[in-house]
Amino acid sequence: MAENKRRPKIAPEKPPKPPREYSLFNWLNRFLPLDKIFGDKVPGQEERVPVKYFYYFGWIVILLVVYERIGFQSEEYVRNSIKLKKEVDDLRAEYTSIQAEYMKSGKQSVVIEKVKPDGLEENLNPPKKIVLKKEE
């Protein structure tokens, strides 16, 4: 009797992969002549950079833009900090001068000068203590 054996499966042949499509590159190529810089190496045009490096260059450009933006924000923060510090110093000086004027206006000699036009005078006699006796 014949022995049962598995037949090997015959895999269908895969069609060859089409060349990789770089959609971002094709989209940008409509507006900018990037194909003069980027492109697959063709004999006689070895000075061109291959398209596969386009995304790396784009990534580097994005990182440089982010780096510059962070630097600009830090400089802006320092400028604002210096401006606020000057404003605080001005307000502190103004507070000190107003406080000094207020303390000076509470002195007895200054108060006497302010109430003289109203007809009030300083009492030169010391106050007397009044004692009441309790009646039982």
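This report describes a predicted model of one protein chain.

## Confidence

The mean pLDDT of the chain is 83, and 76% of the residues reach at least 70. Confidence varies between the elements: helix α2, which covers residues 54–105, has the highest mean pLDDT, at 94. The lowest mean, 69, belongs to helix α1, made of residues 23–31.

## Overall architecture

The chain contains 3 helices and 0 strands. Read from the N terminus, the order of its elements is α-α-α.

Of the 136 residues in the chain, 7% are buried. The chain exposes an area of about 14,400 Å², and 59% of that area comes from carbon and sulfur atoms. Contacts between residues at least 6 apart in sequence were also examined, and 26% of them join residues at least 24 apart.

## A nonpolar surface patch

Five side chains are named in a nonpolar patch on the surface: Tyr-53, Tyr-56, Phe-57, Ile-60 and Leu-64. The patch has an area of about 530 Å².

Leu-64, one of the residues of this patch, lies in helix α2. Its relative accessibility is 52%. Leu-64 therefore counts as exposed, because the exposed class begins over 50%.

## The salt bridge

Side chains of opposite charge can pair when their charged atoms come close. In the whole structure, the search finds 1 salt bridge. The partners are Arg-92 and Asp-89, and their closest N and O atoms are 3.4 Å apart. This distance meets the cut-off for a salt bridge, which is within 4 Å.

Both residues of the pair belong to helix α2. Arg-92 and Asp-89 are 3 residues apart there, so about one helical turn separates them. Asp-89 has a relative accessibility of 41%. That value places Asp-89 in the partly exposed class, because it falls between the limits of 20% for buried and 50% for exposed.

Note on methods
Residues numbered from 1 in each chain as written. Predicted model: local features only at pLDDT ≥ 70, side-chain atom pairs only at ≥ 80, totals over all residues. Heavy atoms only, no water. pLDDT = per-residue confidence, 0-100. Helix = DSSP H or I, 4+ residues; strand = E, 2+ residues; numbered from the N terminus. Patch = residues over 30% accessible without salt bridge, like charges linked within 9 Å, V, L, I, M, F, W, Y side chains within 5 Å. Areas by Shrake-Rupley, 256 points an atom, 1.4 Å probe, with all protein chains shown as cover. Buried < 20%, exposed > 50% of the residue type's maximum accessible area, 1.4 Å probe, protein only. Contact = heavy atoms within 4.5 Å.
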